Structures are given as structure tokens and as C-alpha cells.
Amino acid sequence: MRDLFVLCLSLLMFIVSCSEDKNEIRIVIWHQKPPGEREVLESAVKKYMLEHPNVKVIVLYKETEELRSAYIISAVAGKGPDIVYGPSDQIGVFEVLGIIKPLEEIFDTSFINQFDPRGLLWYKGHLYQIGDQIGNHLFLLYNKKLIKKPPETMSELISIGKEITKDIDGDGKIDQYGLVWNYTEPFFFIPFLTGFGGWVMDSVGNPTLNTEATVKALKFVRDLKDKYKIVPRECDYNTADALFKEGRAGMLINGPWSIGGYKKAGVDFGITRIPKVDETGLWSSPMVAIKGYSINVNVDESKMPYVIELFKYLVSPEVQLEHTKVLGTIPTHKKALESEIVKGDPLIQASISQMEVGRQMPVVPELRAIWDAMRPYYQAVLGGTISSEEAAEKMQQLAIKKIEEMNE
Amino acid sequence: MNEKVKKILIDFSAYLFLIIFTTLTVYPVLNVISISLRPADKLLSTSLSIIPDGASLNSYISLFTQTPFLRWLFNSTFVSVVVMITGVTLASTAGYALSRFKFFGKKAVMIGILITQMFPATMLLLPLYIMLIKLKLLNSYLGVIIVYTSTALPFCVWQMKGYYDTIPVSLEEAARIDGCNQFQAFYKVVFPLALPALVITALFSFMSSWAEYVVAAQILQEPELYTLAIGLKQFESSMATQWGLYAAGSLVVSIPAVLLFLFLSRYLISGLTLGSVKG
Amino acid sequence: MNKGRNIFIVAFLLPAVIVMFGVIVYPFIYNIVISLSNMSLRHFRDWRIIGLRQYVKVFSEEIFYSVFFKTLIWTFVNVSFHVVIGVFLALILNKKSLKFKPIFRTLLILPWAIPQVITALTWRSMFNFEYGAINIFIAKYLNLSPVEWLLRPFEAFTACIITNVWLGFPFMMVVALGGLQSIPQELYEAAEIDGASAWQKFKNITLPFLRPVMAPAITLGIIWTFNNLNIVWLVSNGGEPGDQTHILVSYVYKAAFNLYRYGYASALSVVIFLILLAIGLYFLKKTRAVESVYE
């Protein structure tokens, strides 16, 4: 028994020591790209390695939340990947902890100007992230079989929804819904909030949740469920996704990451802007953010040139367009935006159109506190246990409290 | 006549209970199977049928041909088997010492072992990470094995001790009179009689490493070293999980665990125990 | 003679002890230090010791007490079910007269064998109001109205418990099965001759032998269940509805990882630890688990 153990130990040590090769440059990238997008990144990286034989690029996937925590832990401990990729809101946290490099000190202005300004993330005077896609925003998808002309205003949405929501096989249960979406998550509530003229915070990061706009938006969403009854009683992300894939939903509010799945499921769908709110005449503005690359502070001076070269490749128009071809993402490089691929695809054009009325997602760390404050009361309103007025007030109080706690 | 009827009734109700309970237990598993057969990656379905419309084995095929599943399988097997062997070795000996001997600090050790389990694991991750960096155990099998063994041992040591406690010391005394020393008495007499507990220790050590995710993800940083749990997580993405692959992968991951159990359960109730040793 | 004995003890005991304590000691001390500090997002690298202020915060939040209470209920309901079901199944599966035992055993171990994430999420989908299997079953076969499992706090909590009971009984079943093997058959035979009833046989023979074997499992079961973050988090989707479905550890998790309040989370973890310590020690005393059946 003991001998076996010792043998195993030595085998282990051997294996561990074997995996190092001193002559090549190792660059590690951490990302949270969903499946589909990942393969594009990996083949781009493979191509790069063929052209640069002395560089080994290791690409590791981590789920978004985990990526953030893991990066924080490793970078603060002096380690971590060389390049980290993710949505723009992680920058706020990384900046406070001082674990990402200001990119305007590394790349010159002419390079930076090649990008559409909406694809760059400037925060507190520094460029922290260069995006390879502008996206992460919600839009309205509709099943073309069920809806010929998508709604432009909320009242149209309600009437179309009512027409579609029905019990088809007569068993007393509704088989088809007008609208489905992950309505319990605050991020998915934002379009309605903005449609009524509200927003989550002011220019310095204080929450602005206790407003009439919030109250009206809360009431409206609840009415969709309880009064007009065009959404299911219980609907989280996976339920909405499944219903739309099964063709049992007329409309769906979701984002660009999901299009690949619906194409694969064979749903004949279109994309359009989330409707205007009749009362205010405003378009619903979802939050718009980029997903992009940042560089770790811990990167060695000697390695930097290689990291820079890889970085430039990753955000190049060619690689961006590969993503667009496969997934319909909106590129950030000016050249890529001009290309036929982008201009000729109706889904991408629809997505761009939605983005143009969207509003930039704040990257300050306080946003997390605001989400956490909104969530319980938002869900309580939907559950019918408190009124919208009370919810708005309580959300505001809780947000202030949580931000205080976070910043002490 | 009454005795026979009574017996049949008891057996019948036992079967009935087993069948009902097993069905309840297995139903969610059938659901997982449906997810793995369902095309288009849907976690939910509005229909309750176990075999979904358009069922296909695509997920399973992709699992083996398009993902490094076999690599993950090898890594997990290696790690879990080593933990299993280490666990059994260390627990069987430590449990014996705690069962047979009184010594200074014994109660403290026993309670101390339990105490190591009480701290919420989530907060231990950050310092663990720092510690492993300093010891250069990051990104290695050894790091993972050590942490897993330390998590599995407390239960195993206590378990072995408890089981040894049910074996009367008189058996070892008889052996010593016959000329054995302490170690031989342990190895030849007591150890074989503790087989059911050893099985539980082995099974537990294996299971607590086999599908563990959090620690593995923290320590292993290279795709070549990924275990099954990390591999499975790759299919997951906060809003775009490949449910088909994920479910198929989870089911395939369970198979070795079930096989191990099947294999070991023979020894669990082998009857080669004190129960059948007379006087 | 004594020296040999001591060497034997050390040789047998030390390796295990080193592994168990070695891994935990540094993180444990680190956490205690952080719990006395103000480590948070703003003070991540430059944290200072601020004394017991975090602990004051922990105890002054009302929500602490209700979550603590819920955690106690969570733990005891779960473990009770695990043990009762596990022992009961073990007794049945130990009967010599039953056939097909291997098949039943194998099927009953599946909840333990399958990775928790997919089974927890599957249960979550089974609790879905409209499309979940449970409500469909309730409505169709029991003629009751469907339950809003995931939308109401009490029901959501119950849903988590049901899922966790399903996940946890196989472990107790296996341990009990092992324990049943240690019982000398002739004790039952003698009892039979004396005309003892089934219950008396169980109480006077089975239980005393099961106790030392089950005691570690139960004590540790209590500790693990108390700290089991996974199930509550996955089934309720992070505490829904409205952050009401929490046990202490999921609450710690949210504090630490969503809002980066590491000092606070460490203090809360230390408090959880102390609570468990008290419960654990109490249980040990009650079950006399440190002693053996022959003492």
C-alpha cells in the first residue's frame, strides 16, 4: 500500500515537471465567451500560433461571474492571465483594485482611432478595455410564423400579445404566449424603466430609483403579467428560451448571445427594437455594453511586446468579422463596420438599430449594489406582495445602504 | 400458516415501498436523460415525455469526438483513485489508533478533526489559493490531491474508528497470545473484519473528488489538467449553456461512480464480517 | 514496551492528522485575521485591523437572525429525513429474503453519483409552475391546485429541502448498510427465541450497533448540510424570490462575492463556525459518539 502511494507521488512530480518548456513564450487568455463564439476565438488563436511558432497561446474559459472572482484573486496575488476578456462592467471593479493596465499608455493614438468610439471603454480618464464587439444589449425577437409585423409601440405589443396568447388544444392551459422573457432579472427590466424616462443612477453613481418613472415601469411590467396576461406566470431565462425555441412564444426579449441557439433550433425569427412607450413617446433603451480585452498589470516587461502583438491581432477587423459571420455580433473596428457582411445582414442591422437607441451601461462597481437592491423588491412587485410605489422607495433605500456598505 | 402469510405480506410491502421509492428517486434522472437527448439545448420542455421529439444521440457523439472528454476522464480518474487509495490508507490506520488507544490529547484530536469541516468553504478559497502559490502546488495534480484528501479524511477517520469500535478487542488479544505483534494483529485480524467500513471510506473518498468543481477550478489552470467537473463547466455559460452536452456529460460522468459502487457493494455486504464470526 | 506503543500510535495517526490540519490551518487563521479587518473593495490591499466592528455589524442586522433560524430548520429537517429514509432503506435492503437487491441498490445511489449541478437544475425545472412535473402530477393525479413553488418564500424553501433530501439519503443508506453488517447474527437469533418483537429487536440490538457507525455520518451530515451552499443557490436561483431563500452560507457568498465585503463575510463565516462548533459539540455529547459500543 505505502509503496504504491510513493510510486504515485513520484509519478505525479514527474508529470508536473514535464509540462514546462523554457524556450517558448506562453501567453494566457481568460475569457467568458459562450459556446459558438469560443470556437471562433480558438481557431483565430490557432492561426496566430501557426504564424508565430515561438508563441504558445493558452485560452481558458471561465463563466462570467467566476471569471471576475478568479481574476481578482489571481491578479491581486500577483498572478493571473496576461489578457482578460469580458463585459465592460467588470472594469469598474478591476480598476479599483488596480489590476488592469491603462491601455492608452501602451497603444498609440493612431491605433486607438481605428475603432469606433463606442467600442472603447474609457473610465476615469483611462482606456481600460478595447472591445471586439458592441453588444450585450437586449432587443425584441419575434417568431415570424406567428407575427407578420412586429410592434412599434407598447400598446401594439399588448394587442398583438393578446391575440397570440391562447389555449390551442382546449385543455384549459395556455399553450402559446404573446411575450416571454426573463422578467425576474433587473437587467431585463431596464428597457421598460428607460421607456418611461427613468434610469438607475445619476452621473456620479448615486442611485435614482425612487422616481415616478420607476413606479410606472414596475406597474407596467406587472400588468403585462396580471392584467393583460400575455406572459406566463413564472418565467425565468431558461423557460423563456425553451418556449421560444418550441415556437410557443410570439415575442421574446433577449440578447445577441442567444441568436445562435435560435438559429440552430430552426426558429424563423426577426429582430426589432423594443417598442416605444406610448405615454412618453420614448424608445425603450436597453443597456449597451462592449465585451473586450484588457491587459493584466502583472505582465512582465519582457513579455509585453508579444502580448501587445497578440492583442492587436485579437481586435483586428479580420478576427472581428469572423465573429460576425458566425454569430452576428457587431464589430468595433471602423473597417469591419463598413464591410458587406455587416451591412448586408438584416439581423445585424436590426441589432445596430436597437443599439443606437440604447444607453451605455455604467461600469462603476456601485452598479452591482444597485442590481442587488432592485432584485428583491422588483420580484416582490411581480409577486404581488408590495405596491410599485413602496417598491421604488425601498429599492432606493436598499441601494444606498448597500453602496455604503460596499464602500466602507 | 399465519407465519407464512405474515412473511409474505411483509415482503410484499417491502417490495412495494422499494419500487415506489426507487421510481421517485429515478424520475429526475430520466429528466436529465431527456435533456441529453433533446435537440437545440433546452433545459426545460413543455412536454413531459421522457423521449423528446427529435431525440438524438448527437450530444453523446459530440461529447466524445468534439470535446477533450477522454482527457478529462483520465485526469479525474487519476486524481480520484489516488485520493481513494490515500484516504483508505490514512483513515484505516488513524481510525485504528483512535479506537484502540487512550492517549493524551485523544479527545482533542478527534474533535479537532471534526472542527476542520465546520468552516464555510467559500471563504477558505482565497487563502488556500495564496498558500498553494507559495508552496508551488498551483496547477498540479498534487495540490488537488492533497486538498481533496484533507476534505475526505475527517469523515473517513471517524467512520473507521466507529466501525473498529464494534470489533471486540478480545480478537486481537487472542492473536497476540498466538504470537502476533500489534501491527500484525491489526493487519491480519481487524483490518479484514472492517471491510464494510473500508468500502465506505473508499467510496466516499472517490466520490468527494470525482465531481468536485470549486477547488479544482481554483488550482488547475491548464486545459491538459482539467478534470471532468471543470470540463463540464465549459459547456455552461450564464446565458448560453449547451444543455444537451452538459446533461450527456453529467450522465457519463456518473457511470464510473455507479460502477465503482456496484463493484464495492459486494464487499459492503459480503458477510465476511463480524456478523458471521462466531464467539 | 511503552515506547513501541507510542511509536505505533504516532505512525498510524500522524500522516492523517498532518494532511487534515495542514490544509486548513493557514486559511483558517487568515480568515480570522480578515474578520477583524476592514477588507473590502475600497480596502483590498491596504486593509487594517479594526477590531470587532464587523462582528457588531453581523449581529446587528435583523436578517441575520431570520436566516440563522432558517438554517437551523434547513439542517434538522434535511438530516432527519436523510437518516430516517437511509436507515429504513438499509434495513429493507438487508433482508435476506428479498431479490433484485443489487438493482435497487444501484438505482438508489444515483442521486449521489450524478453531478449535483444538473440534478439541482433539473429539480428546479420540475418545480416550474406551469411546466414542471410536480405541479402537473399534483393537478392531474391528486386533483389539488398547483403550487407556486419558486415564487413564494415558504414554497421555495420547501423545494430546496425536497431536492436536498433526494440528494442526501443515499449516503446515509450506504453508511447504515455498512453498519448493519457489524451486528452478530446470533444476537437476533437469541432474541427470536426469547420472543422479542421486531421493534424490540430493532431498539435493543440494531440501534446500539448502528449508533457508533452512524454517529460520524450524522454529525458530519449536520455540519455539511448546514454549510451546503450549492442546492439552495441553484434551486432558488441565488435566493429568489427576492433574497428570501437563503441559509447562512448563501448569504455569506452573496456578501463576499457580489459586493466584495470580505471583512464582513469573514466575520460572518467565523460566526457560522462558532455556531456549528456549539451544535457539533452538543451532538457529540448526546450521542456519545466518542465512545464505542462495548464501553
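Start by selecting Gly328(A): this residue sits just after H12(A) and takes a positive phi of about 75°. Keep in mind throughout that you're looking at a predicted model.

Now step back into the helix itself. Select residues 317-327 of chain A, which is helix H12. Which residues of H12 are buried? Color Val319(A), Gln320(A), Leu321(A), Glu322(A), His323(A), Thr324(A) and Leu327(A), and you have the buried set. Notice that Glu322(A) and His323(A) are in there along with Val319(A) and Leu321(A).

Next stop: helix H15, residues 346-356 of chain A. Pick out Ile348(A), Ser351(A), Gln354(A) and Met355(A), the buried residues of this helix. Turn the view so that you look down the axis of H15(A): the buried residues fall within an arc of 120°, so they line one face of the helix. Then swing round to the face turned away from that buried side, where you'll find the exposed residues Pro346(A) and Glu356(A).

What covers the buried residues of H15(A)? Show strands E5 (126-135), E6 (139-143), E9 (269-272) and E10 (287-295) of chain A, which are among the covering elements. Add helix H14 (340-343) and H12, the helix you visited a moment ago, since they're part of the cover too.

Zoom out to the whole of chain A. The cartoon should show 17 helices and eleven strands. Align the chain to its principal axes and the C-alpha atoms fill a box of roughly 70 × 65 × 50 Å. With 408 residues, a compact globule would have a radius of gyration near 22 Å, and the 24 Å of chain A agrees with that. Color by burial and 49% of those 408 residues come up as buried. For a contact map, take pairs at least 6 apart in sequence: 73% of those contacts join residues at least 24 apart.

Now bring in chain C. Where it meets chain A, select 21 residues from chain C and 26 residues from chain A. The chain C side of this contact divides into nine nonpolar, six polar and six charged residues.

Last, turn to chains B and C. Here 84 residues of chain B are in contact with 80 residues of chain C. On chain B, the elements giving two or more residues to this side include helix H1 (2-37), helix H3 (69-100), helix H6 (141-164) and helix H12 (243-268) of chain B. Color that side by residue class and you'll get 60 nonpolar, 21 polar and three charged.

Methods. Residues are numbered from 1 along each chain as its sequence is written. Chains are lettered from A and ligands numbered from 1 in the order in which they are written. This is a predicted model: local features need pLDDT of at least 70, side-chain atom pairs count only at pLDDT 80 or more; totals for chains, interfaces and linings use all residues. Helices (H or I, at least four residues) and strands (E, at least two) are DSSP runs, numbered from the N terminus. The radius of gyration is taken over C-alpha atoms; the globule rule is 2.2 Å times the number of residues to the power 0.38. A residue is buried if 20 or more other C-beta atoms lie within 10 Å of its own, exposed if 12 or fewer, and partly exposed in between; C-beta atoms are placed from the backbone. Two residues are in contact if their C-beta atoms, placed from the backbone, lie within 7 Å. Ala, Val, Leu, Ile, Met, Phe, Trp, Tyr, Cys and Pro count as nonpolar, Asp, Glu, Lys and Arg as charged, and the others, Gly among them, as polar. The arc is that of the directions from the helix axis to the C-beta atoms.
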